[in-house]
Amino acid sequence: MLSPLGWLAQTEAYSSNNWWPILLLIGISLILFVLANYLNAVRDLGSGFIHARPGKSHASAFLQSPLGLSFRLQRTAFIFWGIGMLVLGASYGSVMGDLESFFQGNEMLEQMLIEQEGYSLTEQFIPMLLLIMGILATVPPVMAINKLVAEEKKQRVEHLFARAVSRTKLLGSYLLIAVVNGFMMISLVAIGLWSAAVVVMEDGFAFSTIYGAAMIYYPAMFVMLGLAVFFIGFFPKLTSVIWIYLAYSFFVLYLGGLFQLQDWVGKLSPFGYIPRLPVEPLEWTPVIILTIIAVLLMLLGFIGYRKRDIEG
């Protein structure tokens, strides 16, 4: 009852059909709207009723560095995305014990699995599940590196370049945070998935199996970061293209089997080259090639960022 969503559950739709939670939600919503409108009308322009606490008179040595400043700007998002990835992994892990009966006889869902003889339906579902989680875990690190473009558009990086800060150091700071961010996100997904699955499954997976199957997507995430750095270096106005590319990867790899798409369509995404552990054998060649491509894209991005004009 501490959540409005819990109130909706009290309606017991299709059984008791209680209307009082809905009427209560509508009534409280109207009261809050009226109260908010009144407070907005009487408050001082540009001020709030709860005043912010004064900050420290001097910043710490870490905060005075480009790395410390960029991390401070993204600390809250980093924490909440991490919690979200952990909960996401745990939510899927909690249903692992019932997947066999859930998939049995469902032809549409079975088309989305990585078919391999000698493996259970649950084991065949793990690669597809971790593929989707790997793509979702790519969102926060890409947001972290694109934060630099947002700061540039708001004309905030000029204050840093007015000091003894090079463009390479600034971009490197954001890239380091994004790389660590991606590593943490995919790790938290694997930890959440394994910790919940081992509780509900009679014969659960080893932690190394789940963690390895999740971390194998890190090179593909690395390519996405490399592409983001490349756009920042040469085409800062096109950084949003990375989101279209990520959405494309999600669609063709998650729904490709359902729509019977050709294999080459999935190979246009770096995630399409990742071996589907633990069903498929581990192949290091595509992993190494993806890593090399990511590094080359990053190097080109650094070169472009050093030479191009700073946008306002």
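A residue counts as buried here when its relative accessible area is under 20%. By that yardstick, 39% of the 312 residues in this protein are buried. Keep in mind that you're looking at a predicted model. As for the fold, there are 14 helices and zero strands.

**The whole chain**

- Read from the N terminus, the elements go α-α-α-α-α-α-α-α-α-α-α-α-α-α.
- The C-alpha trace spans about 65 × 60 × 35 Å along its principal axes.
- If you take contacts between residues at least 6 apart in sequence, 73% of them link residues at least 24 apart.
- The accessible surface adds up to about 18,300 Å², and carbon and sulfur atoms account for 66% of that.

**Helices α11 and α14**

- Helix α11 covers residues 218-234 and helix α14 covers residues 284-307; the two pack with their axes 7 Å apart, at an angle of about 20°.
- Angles under 35 degrees count as roughly parallel, so α11 and α14 are roughly parallel to each other.
- The crossing of α11 past α14 is left-handed.
- On the α11 side, the residues in the contact include Pro 219, Phe 222, Val 223, Leu 227, Phe 230 and Phe 234.
- On the α14 side, you'll find Val 287, Leu 290, Met 298, Phe 302 and Tyr 305 among them.
- Glycines take part too, including Gly 226 and Gly 233 in α11, along with Gly 301 and Gly 304 in α14.
- Sorted by class, the residues of this α11 and α14 contact come out as 19 nonpolar, five polar and no charged.

**Helices α3 and α9**

- Helix α3 (residues 66-93) and helix α9 (residues 167-200) cross at roughly 20°, and their axes come within 8 Å.
- That angle makes α3 and α9 roughly parallel to each other as well, because the cut-off for the term is under 35 degrees.
- The crossing of α3 and α9 is right-handed, whereas α11 passes α14 in a left-handed one.
- The α3 and α9 contact has 23 nonpolar, eight polar and one charged residues.

**A spot to look at: Ser 249**

- Ser 249 sits in helix α12, which runs over residues 241-254.
- Its relative accessible area is 0%, so Ser 249 is buried.
- Leaving aside residues up to four places away in sequence, Ser 249 touches Ile 135, Met 224, Tyr 254, Ser 269 and Phe 271.
- One of those partners, Met 224, falls within the residue range of α11, 218-234.

Definitions and conventions
Residues are numbered from 1 along each chain as its sequence is written. This is a predicted model: local features need pLDDT of at least 70, side-chain atom pairs count only at pLDDT 80 or more; totals for chains, interfaces and linings use all residues. Side-chain values use heavy atoms; hydrogens and water are left out. Axes are lines fitted to C-alpha atoms, for helices over the stretch in contact, and angles run from 0 to 180 degrees between N-to-C directions. Helices (H or I, at least four residues) and strands (E, at least two) are DSSP runs, numbered from the N terminus. Angles under 35 degrees count as roughly parallel, over 145 as roughly antiparallel, 65 to 115 as roughly perpendicular and the rest as oblique. A crossing is left-handed if the near helix is turned anticlockwise from the far one by less than a right angle, and right-handed if clockwise. Contact means heavy atoms within 4.5 Å. Ala, Val, Leu, Ile, Met, Phe, Trp, Tyr, Cys and Pro count as nonpolar, Asp, Glu, Lys and Arg as charged, and the others, Gly among them, as polar. Buried means under 20% relative accessible area, exposed over 50%, partly exposed in between (1.4 Å probe, protein chains only). Accessible areas come from the Shrake-Rupley method with a 1.4 Å probe; for residues, only the protein chains shown count as cover.
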